[in-house]
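Colleague: Could you take me through one part of this model in detail? I would like to look at the sheet and the helix lying across it.

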Amino acid sequence: MSFIKLDTEIAKKKFFTIGESDVTSFDDHAVISLKDESGNWTSELYVFKNEEDAGQHARDHWEDYIDSYSNEEIVEVLGADTLIAWALGQAAGPGSAKVKNLNEWLDLYLHAPEEHFDSGPYQIELVADNIEEIIGFKPTVAYGM
């Protein structure tokens, strides 16, 4: 068994024991499945080398989403009013921030990745060496999904 320790509690815990099989590594991040004492899945922790990687991941996720779904699904997510305003060069947005086009909206995630995730950011205080080897970097920040 391995471990990860966060600066803030998730489900009333900061320290989690994890198995190597609970870690899935990707190019720019890793996903760690967190489990309770009974071994039941509770949430996923997305870990990154830094905040910039987390922001780029969130932006890339939404760009990929928009590139791979139908126009109807995109309208449902972004809103017809937002898309019309952007077409007219007006500031709008599906969230609290108003921008003038899709690229500006995607770029918002670069500086606010927490908007994409369910919880976080959590600073990673300690992680087992073997987990660092599996994911290929020393993670410093995490977000929950």
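Modeller: Happy to; here is the sheet, followed by the helix. The model is predicted, so local features need pLDDT of at least 70 and side-chain atom pairs count only at pLDDT 80 or more, while totals for chains, interfaces and linings use all residues. Residues are numbered from 1 along each chain as its sequence is written, and side-chain values use heavy atoms, with hydrogens and water left out.

Seven strands make an open, antiparallel sheet in the order β2-β1-β6-β7-β5-β4-β3. Strands (E, at least two residues) and helices (H or I, at least four) are DSSP runs numbered from the N terminus, and two strands pair if DSSP finds at least two bridges between them. Because β2 (13-18) and β3 (23-25) are at the edges with a single partner strand each, one side of each has no neighbour in the sheet. From one strand to the next, the twist averages 30°.

At the β2 edge, β1 (residues 2-10) is joined to antiparallel β2 by five bridges. K5 stands opposite F15 of β2, and I10 has K13 as its bridge partner. The two strands form a hairpin with two residues between them, and A11 in the turn has a positive phi of about 50°.

Helix α1 lies across β5 (41-48), β6 (119-127) and β7 (141-144), at about 110° to β5. Here contact means heavy atoms within 4.5 Å; axes are lines fitted to C-alpha atoms, for helices over the stretch in contact, with angles from 0 to 180 degrees between N-to-C directions.
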